[in-house]
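Colleague: I should be grateful for a close look at one part of this model, namely the surroundings of the ligand. Please explain it in terms that a first-year student can follow.

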Amino acid sequence: FESDAAAAFGNAGDTTALEAARVEFLGAKAGRLKAIQKGLGGLQKADKPAGGQKLNAVKTAVETAFMAAQERLASGAKSVERAAFDITLPGRPLRRGRLHPITQTIERMKEIMGRLGFTAVEGPEIEDDWHNFVALNIPEIHPARDPLDNFYLSVGSHLAPGESPGAKYEGTPALGPDGKPLLLRSQTSTVQIRTMEEAVASADGGTPPPVRIVSLGRVYRPDTADATHYPMFHQIEGLCIAPGVTMADLKGVLQMFWQSYFGLESNEPIEVRFRPSFFPFTEPSVECDIWHDGKWMEIGGAGMVDPNVLRAVGYDPEEVTGFAFGLGIERICMRQHGITDIRDLYANDVRFLAQF
Ligand code: FA5
């Protein structure tokens, strides 16, 4: 009886069928449970307590099965059988995540530069005066230090909700161990300094080892966001220090890099062009263009590491020379994919990001 009732409730596909089953098994007048209850009257007196107990247990179980069926129907499932897992159905495709286009660009650049013998290194995003300016030959009075061009850090100037900035901008400057203001690095050239310092320190007074590194990471400038500028962006910095390194090496490395980056599919030679420029930390300095899609495309700055920079970190400029270059990663990623607005890269719209 009990399993018959459970099956009938479990198979009921709608409330009408469930009600019919309820009347059949639990109906107060002619239900099957009622019939059994009436049957108890025919038992021996001594058997009656046990029979009554058994009847109560069965009644509870059947009522529980009925309530479970009620809940099942209320939650929308048809019957126990039909709600079960159909192993013959094809699986639902999983939505695969993917890497952000900037991450993809960074990985590709690291891989190409790795094949050219350049090791990837990282540096801190909060920098001190020495690494962001002094060692890079940017003196105390240089315009590159302007607070309007840098994110200097301050302490104790948190804005209360709804409070406008204003005087809070004047907050107490956060100072480094040297007593000079800390800032978010404005270029990856800071990593050049850290790398060369480590190389010189590792030599322990002897001849410092040659250096061949790339550093890829975030940099910060208070530029107003527009189609080609963002206050946070990424740069790739390359640095090569060894005896006898020349500008021809710089051009050769950049040519091979761009040939791998843009030229492999088209099989067309990628031409690299240097235009005279100025950076405090390189001498001579150049702006570098490449011939791409039938026109010259400006891709970043480069030059021979200034002897002042070599001296600042402890190299002897009579013994070693070196080149450095720094490129904006967003601009290259945008050019590669035909992205027309840098802000799209950071709006976190999955419909946009899923295209890459
Ligand atoms: C520099 O930052 C130098 N450190 C590059 C360098 C390294 C020269 C080593 C010599 C030796 P510059 O300020 O021009 O240079 O910036 C480099 C690139 O960053 C630019 O060509 C541009 O592609 C990108 N860039 C600059 N500002 C922004 C911005 N607000 N948003 C996105 N990209 C930017």
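Modeller: The following account describes the ligand site and then turns to one residue of the chain. Please bear in mind that the model is predicted.

The space that the ligand takes up is the largest pocket. Several elements give two or more residues to the shell around the ligand: helix 8 (189-203), strand 7 (232-242), strand 10 (295-305) and strand 11 (321-328). Of these contributions, that of strand 11 is the most, at four residues.

In total, 23 residues surround the ligand, and the closest are Gln187, Ser189, Arg221, Asp223 and Gln235. By character, the residues of this shell comprise eleven that are polar, eight that are nonpolar and four that are charged.

Individual atom pairs add detail to this picture. Gln187 places a polar side-chain atom 2.7 Å from a nitrogen atom of the ligand. For Asp223, a polar side-chain atom likewise lies 2.7 Å from a ligand nitrogen atom. The side chain of Arg331 has an N or O atom that is 3.5 Å from an oxygen atom of the ligand. As for the ligand's surface, the ligand taken alone exposes 680 Å², and the protein buries 90% of that.

Finally, Leu183 may be considered. Leu183 belongs to strand 5 (residues 183-184). Leu183 counts as buried because its relative accessibility is 0%, and the cut-off for buried is under 20%. Between the C-alpha atoms of Leu183 and Gln355 there is a separation of 35 Å, the two residues being 172 residues apart along the chain.

Key
Residues numbered from 1 in each chain as written. Predicted model: local features only at pLDDT ≥ 70, side-chain atom pairs only at ≥ 80, totals over all residues. Heavy atoms only, no water. Near = heavy atom within 4 Å. Polar contact = N/O pair within 3.5 Å; in protein donor to acceptor, adjacent residues only side chain to side chain. Areas by Shrake-Rupley, 256 points an atom, 1.4 Å probe, with all protein chains shown as cover. 1 Å grid on protein atoms, 1.4 Å probe; cavity = no way out; pocket = protein on both sides within 12 Å on 5 of 7 lines; lining within 4 Å. Sits in = over half its atoms within 2 Å of the grid points. Nonpolar A, V, L, I, M, F, W, Y, C, P; charged D, E, K, R; others polar. Buried < 20%, exposed > 50% of the residue type's maximum accessible area, 1.4 Å probe, protein only.
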